[in-house]
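Could you walk me through how to read a fold like this one, feature by feature? I'd like the general idea each time, and then the case at hand.

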Amino acid sequence: MVNSTEEPQAPTADEQVGLMAAVARDRDRRAFAVLFRHFGPRLKSYFMRWTVSSGVADDLVQEAMLNVWRRASYFDPGRAGVATWIFTIARNVRIDYLRRQRDPSALPVDPEDPPASVEDRLMGAEREARVRDALITLSTDQQTIIRLSYFSEKSQSEIADELQIPLGTVKSRIRLAINRLRALLEDEK
């Protein structure tokens, strides 16, 4: 017999995805309660890092989790883990709260993201390797433009000046390269 005073085991990443699906699909209150029990204390700690009072932190947790309930159908496990998605919602709730305080200078720098799970790190490394492999298949011109645009974060005008080519050519090459990358990456799924 299990002692009823023991804390329930934290849901795994896969279980969290299943719980989110149940909330989105069936508006499952029990699944939401499990998510709330797991993420509520973590969100409160997150909000308390900003020297918000305990009462305000509780209100922000409620607001964030209400947004999770309302937006559950928007969760896409292919784009982010449940924790990342929920903490993104919490970050937006925090920013909205600070904006309501009418002091834009009080908007703090975002904290470090919550530590990535081993699964998230592996998926990220796998995704990066797929993108690198796909980049190699592009023409040299397209590779150069993608690297300047996305990795060096240069504007299209800056790229045109640097490469001494027309702006329209830069735009065309970026569009063609992105379409090619998207096709290659979608084929690998």
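What follows is a short dialogue about a predicted model.

Q: Where do I start? How many helices and strands are there in the protein chain?

A: Start with the inventory. This predicted model has eight helices and zero strands. Reading along the sequence, you get α-α-α-α-α-α-α-α. Of the 189 residues in the chain, 30% count as buried. Take the contacts with a separation of 6 or more, and 56% of them come from residues 24 or more positions apart.

Q: Let's pick a helix. How do I read the span of α3?

A: Compare its end-to-end reach with what you'd expect at 1.5 Å a residue. Helix α3 has 18 residues and reaches 25 Å from its first C-alpha to its last, close to the expected 26 Å. Then look at which side chains are tucked away: the buried residues are Ala57, Leu60, Val61, Ala64, Met65, Asn67, Val68 and Trp69.

Q: Which helices do the buried residues of α3 pack against?

A: They pack against α1, α2 and α4. The pairing with α4 is a good one to practise on.

Q: How do I describe two packed helices, then?

A: Two numbers do the job: the angle between the axes of the two helices and the distance between those axes. For α3 (residues 54–71) and α4 (residues 82–100), the axes come within 9 Å and cross at roughly 125°. Angles between 115 and 145 degrees count as oblique, so α3 and α4 are oblique to each other. Their crossing is right-handed. On the α3 side, the contact is made by Val56, Leu60, Glu63, Ala64, Met65, Asn67, Val68 and Arg71. From α4 come Trp85, Ile86, Ile89, Ala90, Val93, Tyr97 and Arg100. Sorted by class, that contact has 11 nonpolar, one polar and three charged residues.

Q: Can we try that again on another pair? At what angle do α6 and α7 pack?

A: The angle is about 135°, and the axes of α6 and α7 (residues 156–163) are 10 Å apart. That makes α6 and α7 oblique to each other too. Helix α6 passes α7 in a right-handed crossing. The contact uses Thr144, Ile145, Leu148 and Ser149 of α6, together with Ile159, Glu162 and Leu163 of α7. Those residues divide into four nonpolar, two polar and one charged.

Q: What does α6 look like as a helix, and which of its residues are buried?

A: Helix α6 covers residues 140–151, so to speak a 12-residue stretch. From first C-alpha to last, α6 reaches 15 Å, close to the expected 16 Å. Its buried residues are Gln142, Gln143, Ile145, Ile146, Leu148 and Ser149.

Q: There's a glutamine in that list. Is Gln143 buried or exposed, and how do I tell?

A: Check the relative accessible area, where under 20% counts as buried. Gln143 has 17%, so Gln143 is buried. Leaving out residues up to four places away in sequence, Gln143 touches Leu135, Ile136 and Leu138.

Q: And Gln16: where is it, and what is it in contact with?

A: Gln16 sits in helix α1. At 9% relative accessibility, Gln16 counts as buried. Setting aside neighbours within four places in sequence, Gln16 is in contact with Pro11, Leu35, His38, Phe39, Val82 and Ala83. Here's a distance to check on screen: the C-alpha atoms of Gln16 and Phe32 are separated by 9.9 Å, with the two positions 16 residues apart along the chain.

Q: Last topic: backbone angles. Why would I look twice at a positive phi?

A: Because most residues other than glycine have a negative phi. Arg27 has a phi near 55°, and Arg27 is not a glycine. Arg27 is found in the loop between α1 (13–26) and α2 (29–48). Gln164 also has a positive phi, about 55°, and lies in the loop between α7 and α8 (167–187). Just after α6, Glu153 takes a positive phi of about 55° as well.

Q: Are Arg27 and Gln164 buried, partly exposed or exposed?

A: Use relative accessibility again. Arg27, at 35%, counts as partly exposed, whereas Gln164, at 72%, is exposed.

Definitions and conventions
Residues are numbered from 1 along each chain as its sequence is written. This is a predicted model: local features need pLDDT of at least 70, side-chain atom pairs count only at pLDDT 80 or more; totals for chains, interfaces and linings use all residues. Side-chain values use heavy atoms; hydrogens and water are left out. Helices (H or I, at least four residues) and strands (E, at least two) are DSSP runs, numbered from the N terminus. The expected span of a helix is 1.5 Å times one less than its number of residues. Buried means under 20% relative accessible area, exposed over 50%, partly exposed in between (1.4 Å probe, protein chains only). Axes are lines fitted to C-alpha atoms, for helices over the stretch in contact, and angles run from 0 to 180 degrees between N-to-C directions. Angles under 35 degrees count as roughly parallel, over 145 as roughly antiparallel, 65 to 115 as roughly perpendicular and the rest as oblique. A crossing is left-handed if the near helix is turned anticlockwise from the far one by less than a right angle, and right-handed if clockwise. Contact means heavy atoms within 4.5 Å. Ala, Val, Leu, Ile, Met, Phe, Trp, Tyr, Cys and Pro count as nonpolar, Asp, Glu, Lys and Arg as charged, and the others, Gly among them, as polar.
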